[in-house]
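Trainee: Could we take a close look at one small part of this protein?

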Amino acid sequence: METPTVTRERALTSLITVIGVGLTAYMLFYAFDRPFVRVRHSNIFLGAGVALFYLYETKKHVFGTDDLEAYRDRDIEYDGSLTGRIQSVVGPYDGYVTLLSAVLAVGVAAYVELNFQRLQFDAPVLGYSQADFVVGALIVLLVSDATRRAYGMAITSVVIAAVAYAMAGPWLPGFLGHTGMSWQDVARFGAIGLSGTYGFILGVGTTWVAIFIMFAGMAKTFGALDYILDVGTELGNKLRSGVVQVAVISSMAMGSITGSAAANTATTGSFTIPMMKRQGVREDFAAAIESVASSGGQMMPPVMGVAAFIMADILQVPYVRIIQAGLLPALLFYFSVGIAVQFVVLKFGWTTEKTGEFDRSILRGGAHFAIPLGVLVYTLVVLRLTPLSAGLYTALTMVGTMYVRNLAVDGPSVGTLVDTTAQTLRGFRDGAVDMAPLVGVLAAMGIIISMLTQTGLAQKISIRMVGLAGGVLIAVLLMAMVLSILFGLGMPTPAAYILVVILVAPGIIQVGVPEITAHLFVFYFAMLSAITPPVAVAVAVGARIADADFLQTGMQALRIGAPGFFIPFAFISNPSLIFWSFPSTLLHAGIVFVGVVALVASTTGYDGRHDLGLPHRGAYLGLSVVALYAPMTAVQVGAATLALAGLGLAHFDRLPAAVTPAKE
């Protein structure tokens, strides 16, 4: 006989499943039919998503269970933070608080839905009621608290600071001063005026982003992640570098979807870091390799950690244009990481012996996943459908493929149909639960943007940045780099991108940099904040999994990821990397790739065969600077750079090979 505790837990789990499955099914229905405007859809999604998040938090706090991948190690980097201290105080009552918050989330969304026409058309002219302001304030509080629980105080503190700045305007000095806002103004512009929380960020998040996050959750449930790791392990047995390059590739693939360097490091790192350590890779290097590879996945098309969708919406350009612009810089980054990892493995002697032939049966075991992937590429690139439509057809293809595959492999039977249906429903649930934490943070980012734009601070920062740099391009870029890293510390990449693109990108555009290039520039540095001390959330997660020293791991991550801090300046100085034109794009890309190899040799102190002293590392650094940043307006410059690089490699090849692997 079940105890009351077990009964309550089962009831809560069933409720989570019903809401999760219903939210994913609703998302697919909206993508197919689109029966009403996006703001109204965003409100429905917000209520269900935030409620789902709080219900799962209730399950964690009351029953201590944590059975979904999206929530494992999700807040590992915030141990000992203000979040932890708050939770320690309210811990005994937290389950009741989260359950009440779930009910409130549904209630405020229902209020907005029932009063939608009035709030959209009448209230801006005739005025808002006191109940409207109260509901608006509750929405601001709910999404801020959901963000705190999901991602710690990093983003929540920015929300608090933005609201405090908006209300304290009359008492602030100098250019920071403004007329100020009352709490009613904060409620109006933050939520109930169908702006702020309901701005374009949540609109993109509940459409383009949601459909792909839910698809990713379904893919994991259907075994796509396990398949990637199995193939990677098999490949690792056949490579001299072992599983290290496999960790890079699998983290790149997963990072492009998750949009969170910390979550990706926790998910894939729990597999890859122990594998690397068993191969002999030192723990700080294993953690560094995983954290860098997980952070860079956010720049890899087609998803780019969901930032690509937001970027396309902000710039009002086709989604395919974002993919095209981001492809070469992303390949440059992962090429540099792959070379750096290879050099490190060879330098320290962490290689493996090749064993046997590749087991093609493992490759065939997941060949069916190529079908939905092909549909995704075809609908996005060939048919040029919107991400929402492409995601719909890809998700439906995934479900259909799994039914056909299971019936073919397990045999046509009622049991096979029942099992596949149950697996599909679990995928629906897991996809919605994966999306739920992101709903709150996207809504919170909308509040930040509304406060900063309504008070004029965003425009003031851009003007001041250009003024302080004297309008000099390199000075503006360096300042933008520092600000992007600072604003991105501790934040998931989509949130970091949204913040820096509002505050920093306009200053770069003012000095003549094209919009899409400026957005990619600040996006890259916001992404790299995940491996930049003192916060370095991805490094913190990786170091904890590897049981390595945080500062030592951070130093190794900077060594491996160093080219990432140089590449954004390369596509500023070489526009053909972003704006393709043949044959100049091919020529310039080839030169920059050579420069990246030289840069990696300089930062790692190894060129593939020899340990390098300071003079040789300096020479490689000089070659990389020429290749990355020399004005490429003539073919002669590129040819000269390639010749110099070739001479440098030939020179080093004549040096005596290192006798023993380096120890430090």
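What is the volume of the second largest cavity?

Mentor: About 70 Å³. This is a predicted model, where local features need pLDDT of at least 70, side-chain atom pairs count only at pLDDT 80 or more, and totals for chains, interfaces and linings use all residues. Residues are numbered from 1 along each chain as its sequence is written, and side-chain values use heavy atoms, without hydrogens and water.

A cavity is a set of points on a 1 Å grid over the protein atoms alone where a 1.4 Å probe fits but cannot get out. Points join across faces, edges and corners, and the volume is the space filled by probe spheres set on them. There are 4 cavities of 30 Å³ or more.

Now the walls of the second largest one. Its lining (residues with an atom within 4 Å of a point) is Asn43, Leu46, Gly47, Val50, Ala105, Val108, Ala109, Ile139, Leu142, Val143 and Tyr198. Helices H2 (38-63), H4 and H6 (130-151) each give two or more of these residues. Helices are DSSP runs (H or I, at least four residues), numbered from the N terminus. H2 gives the largest share, 4 residues.

Look along H4, residues 94-114. Lining residues Ala105, Val108 and Ala109 are buried in this helix, as are Asp94, Gly95, Thr98, Ser101, Ala102 and Val112. Buried means under 20% relative accessible area, and exposed over 50% (1.4 Å probe, protein chains only). Down the H4 axis, the buried residues fall within an arc of 155° (directions from axis to C-beta atoms), so they line one face. The face turned away carries exposed Tyr96, Leu100, Val103 and Leu114.

Key: The expected span of a helix is 1.5 Å times one less than its number of residues. On a 1 Å grid over the protein atoms alone, a cavity is a set of points where a 1.4 Å probe fits but cannot get out, and a pocket is an open set with protein on both sides within 12 Å along at least five of seven lines; lining residues have an atom within 4 Å of a point.
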